[in-house]
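Me: I'm new to this structure and would like to know what stands behind the words used for it. Could you walk me through a few of them?

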Amino acid sequence: MRSLRLLPLLIGLTLAHAVFATPADERFTALTAKDWAFRLQEFPDLAREENPDVVSTRLGDVSDAAQQRRQAFWVGLRRELAKIDAQKLSPEQRINHAIFRRQIENFIQDYELGGYLMPINSDSA
């Protein structure tokens, strides 16, 4: 019964977030959705983790062409992300923006430093 009293408050907060989302929030959310769709396509293991009912025999592509494609995608994504003024984001999305920007930077730097070339053996974990 007590949780039912909180329901209007939760609904109100949810609606307030939707109403007060800034245009920058919407652009940022669209950008993260684009990235997530790309990651699910590029990394079949991630797609299986996200949805265990997905049956896929496809392995992730680790070819040089795939690495270059990912790098080009993330460099482009970084460019798009730079066009979003973090100060115009809601406080919650500012935090997400900072984390997301760092993730993208890490992906780019990993490629530039040749991290994808590290041999897989018992010492590489």
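Reply: Happily; here are some terms, each set against its definition. The model is predicted, so local features need pLDDT of at least 70, side-chain atom pairs count only at pLDDT 80 or more, and totals for chains, interfaces and linings use all residues. Residues are numbered from 1 along each chain as its sequence is written, and side-chain values use heavy atoms, leaving out hydrogens and water.

Me: Why is F38 called buried?

Reply: Buried means under 20% relative accessible area (exposed is over 50%, partly exposed in between, with a 1.4 Å probe and protein chains only). F38 has 13%, so F38 counts as buried.

Me: How do you know that F73 and W74 are buried?

Reply: By that cut-off again: F73 has a relative accessible area of 17% and is therefore buried, and W74, at 5%, is buried too.

Me: What makes F38 and F73 an aromatic pair, and of which kind?

Reply: Rings of Phe, Tyr and Trp (its six-membered ring) pair if their centres lie within 6.5 Å; planes under 30 degrees apart count as stacked, over 60 as edge-to-face and the rest as tilted. The rings of F38 and F73 are 3.7 Å apart centre to centre with 15° between the planes, a stacked pair. This pair links distant parts of the chain, 35 residues apart: F38 is in helix α2 and F73 in helix α4.

Me: And why is the pair of F73 and W74 called edge-to-face?

Reply: Their planes are 70° apart, with 6.5 Å centre to centre, which fits edge-to-face. F38, F73 and W74 are among the members of one aromatic cluster, together with F43 and F107.

Notes. Helix = DSSP H or I, 4+ residues; strand = E, 2+ residues; numbered from the N terminus.
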